[in-house]
Amino acid sequence: MSELAILGGNPVRRRPFPAWPKYLPSDAQRLQQVLESRHWGGYPLPSRWCGEFADRFAAMHGARYGLCVANGTIALIATLQAAGIRFGDEVIVPAYTWDGTATAVLFAGGVPVFTDIDPDTYCLDLESARKAITPRTRAILPVHLAMRFAEMEGLQALASEHGLAIIEDCAHVHGGQYRGHGAGSIGDLGCFSFQESKLMTAGEGGIVVTSNLQFFEHLQSQVNCGRASTTDQFQQRVLGSNYRMTEFQAAMLIGQLEMLPELSDRRARAAARLSNALATIPGVRPLPPQPGITREAIYCYVFQYRPEGRQVARDLFVAALEAEGIPCDGRFYEPVYRSDLFHATPENCPQLRDYPVDYSNVRCPVSERAAYEESVWLPQFLLLGEDHDVEEIADAVGKVIRNLGDLAKADPALAGVKAMSRAERPRRERARNY
Ligand SMILES: Cc1ncc(COP(=O)(O)O)c(C=O)c1O
C-alpha cells in the first residue's frame, strides 16, 4: 500500500493549525463601549471609531487620508468613481486575481481589460499592461497578490506617460511596504478589504487610503449618500450611496491593527524558513524573493508545482497534500475571464452593449499556467505557529513529491478528487474543518 494519506496511508499531520481570525481581550471592551454609546452606525461621517481607525491605518501606510467603507469591493467601486471612471472607460486589471477586482470596474461603469501576470510574482506584468493601452484606457488597477507586490516603478512611468490613474488593490497586503512606501500609498489610491480571511478583519469591511485631497473629498461624498465632505474644498457634488462602515467593525479593527506588526513578523520568519525547506525539494519552487519588498505582508504563502514529466496534475498534488493534513488550494483564483462567477454580459453590463468585449477570446497564458498547473496556495494562518509546523508542511510536500509515482498509477481512481468549479466551492469550504 502507498504511504500517501490520500491512498490510505498515515497523514504527516493530524493536529489543526492556529485558529483564525485572532482577537484580543480588549476587543470585548471596545465593542461594549460602542454598544453603550448607542451610536452604532457610520453616520455622521466620520464616526468616532471609524475616524480614529482610518487615521491610524492611513498613517501606518504613509497616506494622508483614510476612509472606512463597507467592504473591499465597495472600496474599489467608490475609488474608481472618485478617479473619474466613466461609462465605457477601460481599466487595466490583471487576469489572475479575485473576481471582485474586475467586477468593481463593471459596477463603476467601466470595462475591465485583462492583462497577464509576471511568472515570478504573479502580479500584473508591465509589458502586458503596456500592450493593453488604448485611447479609452483611464486607469491601471494592479493587485499586490498573495505575498508579492506589482512592480510599481514601471507601472507608474507607464501611467504618467499616458495620463492614467493608478488604483492599488491591496486586499492582500495590510502593513506591507514596497521600496519603503506603504501599500496603497504608491499609486493615487489604495483599497483594502477586511473580509474574514484577510490579514486584518472585522468579518467584513474595507478602507481606501490616498494622499490626494480632491479624491478624498469625492470619496467621502461617494460613500455618504452624496453629502458634502468634511472640508468640502473642491465642492464636488456626486451621486453617492451608503457605503459606510459600522462602529462595531471599526472598533474591532483597532485591535487588529495592534496585532498586525507582530503577526506579520511571525509570518515573514516562517515563510523564509519554508522557502529554504522547499528549495531543497525537487519538483517544487518557492517564488523567488522580490528585492523591492521592504516589509512583507503574506496573505497566502504561494509556491509552484513543477515536477518533471507532469504525470500528476497539480490539482491531484494539492488533494494529496491536503490529505496529509496541510490546508492548501490550487484553484484559489482562476483567470477572471474564465471564472464561472464572472457573468459579464451585455444584458447585465450596459457598457458592454456600447463597447462590446468577447471575454471568451481572452488568453493570458501565464495566468492560466498559474491557475491550472502550477500554483499551490497555503493560507496565512499556517505560518502563525511554531517551527515544527513549518517543518511538517515541508515534510508533507516532500512526501507527496517522493510518491508521485503512486499518485500517477492511482489517478483514474481519484477522478472524484478533481478540483471543483468556483460556483461549487462554498460546499467544499463548509466541509473543511480548519
Ligand atoms: C484581491 C482582492 N480584491 C478585492 C477583494 C474584495 O474584498 P471584499 O471581499 O471585502 O469585498 C478581495 C477579497 O475578497 C480580494 O482578495
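Modeller: Two strands pair if DSSP finds at least two bridges between them, a strand being a DSSP run (E, at least two residues) numbered from the N terminus. Residues are numbered from 1 along each chain as its sequence is written. The model is predicted, so local features need pLDDT of at least 70 and side-chain atom pairs 80 or more, while totals for chains, interfaces and linings use all residues.

Colleague: Which strands are the edge strands of the open sheet?

Modeller: The open sheet holds seven strands with mixed pairing, and following them across gives the order S1-S9-S8-S5-S4-S2-S3. An edge strand pairs on one side only, and this applies to strand S1 (65-69) and strand S3 (111-115).

Colleague: How do S2 and S3 run, parallel or antiparallel?

Modeller: Strand S2 covers residues 90-94, and five bridges join it to S3. In one of these pairings, glutamate 90 has valine 111 of S3 as its bridge partner. The direction in which S2 and S3 run is parallel.

Colleague: How many residues of S3 are buried?

Modeller: A residue is buried if 20 or more other C-beta atoms, placed from the backbone, lie within 10 Å of its own. On one side of S3, Val111, Val113 and Thr115 are buried, and on the other side Pro112 and Phe114 are buried too, so that both faces are covered. In a regular strand the side chains alternate between the two faces of the sheet. For S3, described as mostly covered, the count of buried residues is five of five.

Colleague: Which residue in S9 stands opposite phenylalanine 192?

Modeller: Strand S8 (residues 189-193) is joined by five bridges to strand S9 (residues 206-210), and these two strands run antiparallel. Across this pairing, the residue of S9 that stands opposite phenylalanine 192 is isoleucine 207.

Colleague: How far apart do the C-alpha centres of domain 1 and domain 2 lie?

Modeller: The chain is divided into domain 1 (25-255) and domain 2 (260-431), with bounds that come from an automatic or database domain assignment. Between the C-alpha centres of domain 1 and domain 2, the distance is 25 Å.

Colleague: Which helices give two or more residues to the shell around the ligand?

Modeller: Of the 14 residues around the ligand (each with its C-beta atom, placed from the backbone, within 6 Å of it), Asn71, Gly72, Thr73, Ala171 and Ser193 come nearest. The elements that supply two or more residues to this shell, where a helix is a DSSP run (H or I) of at least four residues, are helix H3 (72-82) and helix H4 (99-107).

How values were computed. A residue is buried if 20 or more other C-beta atoms lie within 10 Å of its own, exposed if 12 or fewer, and partly exposed in between; C-beta atoms are placed from the backbone.
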